[in-house]
Amino acid sequence: MEKLQKQSDNTGFLPSSRSHHKLKRFSYLHMKYLFFSWLAVFVGSWIVYVRYSSYTELCRGHDCKNSICDKYRKGVIDGTACSSLCEKETLYLEKCFTAKPNNQVYSGNWGDLQGVIKCQMEEAPHYDLGGEMEPRKEAAPVAFNKPTKGTSVEKFREMIISHLKAKVGDQANLADLATQVLSFTDSNKDGHISLPEARSTWALLQLNEFLLALVLQERDHTPKLLGFCGDLYMMEKVPYSPLYGISLPWIVELWIPAGLRRSMEQWFTPSWPHKAKISIGLLELVEDIFHGTYGSFLMCDVRTTTFGYNERYDFKVVDARYIIPEATFQERIRQQRCDVDEDCLYGTDCLTSCDLTKHRCTPEVTRPNLAKVCDTLKNYIVRGAPSDLSDELEKQLYACMALKGSAEQMEIEHSLILNNLKTLLWKKISHTKDS
């Protein structure tokens with residue numbers, strides 16, 4: 001009986017031991033789950049806080065609008081958009097796309113028009129090859145102080161010609177461009193140019209993007225200028241950007257591997273004939289700004305985010321701040337001190353060499369616009385190309401990417417490759433509705 005009792009006691013003990021072990025394991029897993037949940041919440045909250053802080057620091061559109069409207073009400077500046085922005089409030093800023101505090105970028109509405117609003121915010125005019133190569137906004141009361149009171153229209157015209165000569169070089173037809181600038185300045189089209197109108201135009205003339213829009217206004221590659229007030233201006237919206245790929249919310253970007261991201265970019269592209277038409281537009285831009293009507297321009301940022309296209313698959317420049325006159329670039333880069341070639345980089349794509357005897361940058365870029373553009377097009381236009389075209393297309397693109405030195409040094413080869421690429425693409429789509 002006693003033996004049976006002991007056996008009973010032992011059999012009762014075993015389940016109790018297992019239960020205790022399971023309870024300890026559950027407790028450990030529970031604590032582990034709680035720890036990682038807390039860690040995820042903490043990291044997520046920190047990321048949100050950092051992003052929000054960056055957003056509030058970057059996105060200062062309200063301050064920009066207040067500054068512009070204050071000057072408009074004081075009679076310092078005037079322009080086609082001033083009344084709508086500051087009085088009627090029919091022009092308003094929407095979503096912030098600002099990447100640098102000194103250059104505010106917002107989507108905007110102006111009545112039935114949709115566009116992109118850009119406003120300059122910086123206190124001192126300064127040139128910096130490591131960042132923007134354009135004068136930044138002056139602090140009040142110095143801002144918009146040119147031309148001065150009493151300046152005649154003829155004197156203002158001379159100021160414009162002199163400024164354009166410094167920007168694009170001594171071109172033969174600068175007088176014609178100055179006439180276009182004066183016509184643009186008369187924002188209310190009353191036949192007279194007021195001092196506030198002239199000051200707004202003078203501020204806009206300091207900006208590369210505005211200058212390029214003037215130079216290429218007869219072409220379709222740059223968005224049209226819809227209106228301005230001071231150095232705040234609104235351009236027409238480019239519906240599809242970047243050139244290929246998709247824009248994802250930052251929180252989603254954090255969790256997507258780089259390889260998958262590259263694959264996703266190729267999923268969201270137009271059909272190949274449409275890509276060919278867009279590519280021809282980009283090649284035409286290279287042609288337009290190489291020894292164009294008003295000199296040559298350098299493309300110093302050829303990333304896909306810089307370009308886009310519209311509903312008809314016409315190529316458009318989204319951000320032209322880094323398409324700069326070659327004369328301006330060379331003048332500024334010569335003054336840049338350097339120890340290695342990498343010190344002579346402007347934007348992401350304009351690199352010159354360093355003269356170690358003087359520790360100054362040389363003025364000639366190492367690669368022409370066309371070579372850099374072909375780099376961008378390689379991953380865009382080869383993928384999905386017709387089988388009877390892909391080998392020849394890839395061959396020509398690699399020949400294009402191999403171009404070195406300035407375009408002037410190899411002008412014949414540059415023109416030949418450019419024309420061959422355009423012809424190759426055009427022949428394939430010219431008989432289709434996509435052309």
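Below, two colleagues talk through a predicted model.

Colleague: Let's start with the sheet: what is the order of the strands in the open sheet of five strands?

Modeller: Happy to. The pairing in this open sheet is antiparallel, and the twist from one strand to the next averages 30°. Reading across its five strands, the order is β1-β2-β3-β5-β4.

Colleague: Which strands stand at the edges of that sheet?

Modeller: An edge strand has a single partner, so one of its sides is left without a neighbour in the sheet. That applies to residues 91-96 and to residues 225-229, which are β1 and β4.

Colleague: How many bridges join strand β2 to strand β3?

Modeller: Strand β2 covers residues 103-110 and strand β3 covers residues 113-120, and the two run antiparallel. Trp110 stands opposite Leu113 in β3. The number of bridges joining β2 to β3 is eight.

Colleague: Nice. At about what angle to β3 does helix α2 run?

Modeller: Helix α2 is made of residues 61-73. It lies across β1, β2, β3, β4 and β5. Relative to β3, helix α2 runs at about 80°.

Colleague: Which residue of strand β3 is linked to Cys64 in helix α2?

Modeller: The structure holds eight disulfides, and one of them ties helix α2 to strand β3, with the two positions 55 residues apart in the numbering. Its sulfur atoms are 1.5 Å apart, and with -80° about the S-S bond the link is left-handed. Both cysteines are buried. The partner of Cys64 is Cys119.

Colleague: How many residues apart in sequence are the parts tied together by Cys338 and Cys354?

Modeller: This disulfide has an S to S distance of 2.1 Å, and with 90° about the S-S bond it is right-handed. Cys338 lies in the loop between α11 and β10, whereas Cys354 is in strand β12, so the parts tied together are apart in sequence by 16 residues.

Colleague: Are Cys374 and Cys400 buried or exposed?

Modeller: These two are joined by a disulfide, S to S 2.0 Å, which is right-handed with 85° about the S-S bond. Cys374 is in helix α12 and Cys400 in helix α13, so the pair ties together parts 26 residues apart in sequence. Cys374 has a relative accessible area of 0%, and the value for Cys400 is also 0%. With the cut-off for buried at under 20%, both count as buried.

Colleague: Turning to helix α5, how far apart are its end C-alpha atoms?

Modeller: Helix α5 runs over residues 174-185, which is twelve residues. At 1.5 Å a residue it should span 16 Å, and the model agrees, because its end C-alpha atoms are apart by 16 Å.

Colleague: Around the axis of α5, how wide an arc do the buried residues cover?

Modeller: The buried residues of α5 are Leu174, Leu177, Ala178, Val181, Leu182, Phe184 and Thr185. They are on the same side of α5, because the arc they cover around the axis is only 160°.

Colleague: Which elements do those buried residues of α5 pack against?

Modeller: The list has helices as well as a strand of the sheet. The buried residues of α5 pack against α4, α6, α7 and β4.

Colleague: Last one: is His163 buried or exposed?

Modeller: His163 lies in helix α4, residues 153-168. Beyond its neighbours within four places in sequence, His163 is in contact with Trp202, Leu205 and Gln206. Its relative accessibility is 13%, so His163 counts as buried.

Key
Residues are numbered from 1 along each chain as its sequence is written. This is a predicted model: local features need pLDDT of at least 70, side-chain atom pairs count only at pLDDT 80 or more; totals for chains, interfaces and linings use all residues. Side-chain values use heavy atoms; hydrogens and water are left out. Helices (H or I, at least four residues) and strands (E, at least two) are DSSP runs, numbered from the N terminus. Buried means under 20% relative accessible area, exposed over 50%, partly exposed in between (1.4 Å probe, protein chains only). Contact means heavy atoms within 4.5 Å. Two strands pair if DSSP finds at least two bridges between them. Axes are lines fitted to C-alpha atoms, for helices over the stretch in contact, and angles run from 0 to 180 degrees between N-to-C directions. The expected span of a helix is 1.5 Å times one less than its number of residues. The arc is that of the directions from the helix axis to the C-beta atoms. A disulfide is a pair of cysteine sulfur atoms within 2.5 Å.
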